[in-house]
Amino acid sequence: MTRTLATETVAKIGEQVLIKGWVNARRDHGKIVFVDIRDRSGVVQVVGKTDLGDLRPEDVVYITGLVKKRPDNLVNPELATGTVEVAAEKVEVVSKAEELPFDMGQETLEVELPTLLDYRALTLRHPKVQAIFKVQEVVIDSFRKAMQAKDFMEFQAPSIISSAPEGGAEIFEVKYFDHKTYLAQSPQLYKSLLVGDFERVFSVNKVFRAEPSVTTRHLTEVVSLDAEFGFIDSWVEVKDMAEYAIKFILAEVEKKCAQELAMFGISVPKVADEIPHLKLREAQEIIFQRTGRDCRQEKDLAPEDEREICKWSLEEKGSDLVFVTHYPTRARPFYTYPDDKDPEFNQGFDLLGRGVEWLTGGRRIHDYQTLLAHAKEWGVSPENIQIYLQAFKYGMPPLGGFAFGAERITMLTLGLGNIREATMFPRDMERVDVRLSTIQK
RNA sequence: GGGGCCGUGGCGCAGUUGGUUAGCGCGCUUUCCUGUCAAGAAAGAGGUCGCGGGUUCGAGUCCCGUCGGCCCCGCCA
């Protein structure tokens, strides 16, 4: 007999089926026993005699039985398969589970972060935990679809690089035969140079940052959603493309993940018809006006300021998302394009949402001589970025691009408190599946 | 790298101004129960309070050290 998935039972009333899955819960009434069986489609109730009484949570079972329509008074409206149940005839335990370290039967898995991650193979079975990664899948998939719809070509960026394009402190060194190489902290230089070859490119890949920071929003290994394109008239076009992408992504999440969002009791971030954008100095002025906190000379917004400007955006503009543009030129990498009117500030931007950065982007310098001059001024040796410079030496259109953090979009869309929850196997300074401080002893 | 907080049975927590046998919920074991869907009921097992030292007649409860964890800041996606 071929397997029937849990949710397929509703269409098979009166039929004999074979259900394969995990025991989600067992309710033993003595002469009658109920067992919820979970598979990738969902959960269905199996009803039977005492032979179901020995089943324990997470046992893998094959159950043959008859699908029965439940009487009206026994329908469970909370369950997608609540109108039916499977009357067990044969029960086979394929794999017996040991006693669980915590209760998996709760609607919300009530464990602390270390427990959640220490038992990752197990906690990933919980429906609400799975919902996080369903959302993440849609985020990444819809980024691809958004860029493809705009004629961008996906490419594979290298992870092993020979020099650090954006400063050196936060980069992992890699032993590479007899040479010193690094893990890429961004596909930046590659996506930019590829604009000289393909005009419009994007990539979905891991980037690595050796920043010694342990916060709720930093990881050492993250999924970067990158895009870059040429023949732009101004940085505004780059911002608009990023805006298009995130609107597309959030609309897809809203459409495809209604159930998942409901589990977290949250809706996708509110986006205004046009996402508000303001210069860093304007943002700082607003913060000063609203809070009296004077950060007007700072080169960036502190986390507290980011939260405040997001609050402002939601209250005044009805948007959870807000662009902050024109950061001090010296505070950004050598390739960012200084503003024509005010070269102290550049044509770059961040997208903030629900208090945290989602994206960084901007226009890049396309003129070869200017780029060379900037590289030198920034202390970047031209020999180290030869492959990059080559693209600009032989004709490069005006260009720009942006990069989203996939885990951050997931985290903030669902309102999670820690980015590690939005990562299946998070890497940070103190954890690589196991806690490093524990195994070093 | 700087600062704050925390560490009590498998999990999540409570333990008043230090004072007799350390509590609760979930889970676990046994029993009862034919309609539950976080099933219910009854009984039971399981901790000496991260570790080391100190103060005290007496410490989970105060002090020092140590190990571990969480959060905030710097930096960023």
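This briefing describes the fold of chain A, a few of its residues, and the protein surface around RNA strand B.

The model is predicted. Chain A contains 12 helices and 20 strands, and its C-alpha trace spans about 85 × 55 × 45 Å along the principal axes. The chain is divided into domain 1, covering 6-95, and domain 2, covering 118-438, and around RNA strand B there are 52 residues of the protein.

**Overall architecture**

- The C-alpha centres of domain 1 and domain 2 are separated by 46 Å.
- Of the 441 residues in chain A, 49% are buried.
- When contacts in chain A between residues at least 6 apart in sequence are considered, 64% of them join residues that are at least 24 apart.

**Two open sheets**

- One open sheet has three strands in the order β8-β10-β9, and their pairing is antiparallel; its edge strands, each of which pairs on one side only, are β8 (160-161) and β9 (173-176).
- Strand β9 runs antiparallel to β10 (residues 179-183) and is joined to β10 by four bridges, and Lys175 has Lys180 in β10 as its bridge partner.
- Another open sheet of three strands follows the order β18-β19-β20, again with antiparallel pairing; here β18 (427-428) and β20 (434-435) are the edge strands, each pairing on one side only.
- Within that sheet, β19 (residues 431-432) pairs with β20 in the antiparallel sense over two bridges, and Val432 stands opposite Val434 in β20.

**Thr64 in strand β5**

- Thr64 is placed in strand β5, which comprises residues 60-69, and with a relative accessible area of 16% Thr64 is buried, because that value is under 20%.
- Once its neighbours within four places in sequence are left aside, Thr64 is in contact with Met1, with Gln16, Val17 and Leu18, and with Ala87, Ala88, Glu89 and Lys90.

**His218 and its surroundings**

- His218 is found in the loop that lies between β11 (200-208) and β12 (221-230).
- The relative accessibility of His218 is 22%, so this residue counts as partly exposed, a class that lies between the limits of 20% and 50%.
- Although His218 and Arg420 are 202 residues apart in sequence, their C-alpha atoms are 8.4 Å apart in space.
- Leaving aside neighbours within four places in sequence, the contacts of His218 are Glu211, Ser213, Arg408, Ile419 and Arg420.
- In addition, the side chain of His218 makes a polar contact of 2.5 Å with the side chain of Thr215.

**Cysteines**

- The count of disulfides comes to zero.
- For Cys295, the closest cysteine sulfur belongs to Cys310 and is 13 Å away, which is too far for a bond because a disulfide needs the two sulfur atoms within 2.5 Å.
- Cys295 counts as buried, at 5% relative accessibility, and Cys257 likewise counts as buried, at 0% relative accessibility.

**The surface around RNA strand B**

- Among the 52 residues around RNA strand B, those that come nearest are Pro101, Asp103, Arg217, Pro303 and Arg408; of the atoms of RNA strand B that come within 4 Å of the protein, sugar and phosphate account for 55%.
- Arg408 therefore appears in two lists, being one of the residues that come nearest to RNA strand B and one of the contacts of the partly exposed His218.
- Phosphate oxygens of RNA strand B are approached by two side chains named here: a polar side-chain atom of Arg56 lies 3.4 Å from one phosphate oxygen, and an N or O atom in the side chain of Lys299 is 3.3 Å from a phosphate oxygen.
- An N or O atom in the side chain of His29 is 3.4 Å from a sugar or linking oxygen of RNA strand B.
- The elements giving two or more residues to the surface near RNA strand B are the strands β2 (16-28), β3 (33-39) and β16 (356-364), together with the helices α1 (113-118) and α8 (303-317).
- Strand β16 supplies the largest share of that surface, namely four residues.

Definitions and conventions:
Residues numbered from 1 in each chain as written. Chains lettered and ligands numbered in written order. Predicted model: local features only at pLDDT ≥ 70, side-chain atom pairs only at ≥ 80, totals over all residues. Heavy atoms only, no water. Pairing = 2+ DSSP bridges. Domains from an automatic or database assignment. Buried < 20%, exposed > 50% of the residue type's maximum accessible area, 1.4 Å probe, protein only. Contact = heavy atoms within 4.5 Å. Near = heavy atom within 4 Å. Polar contact = N/O pair within 3.5 Å; in protein donor to acceptor, adjacent residues only side chain to side chain.
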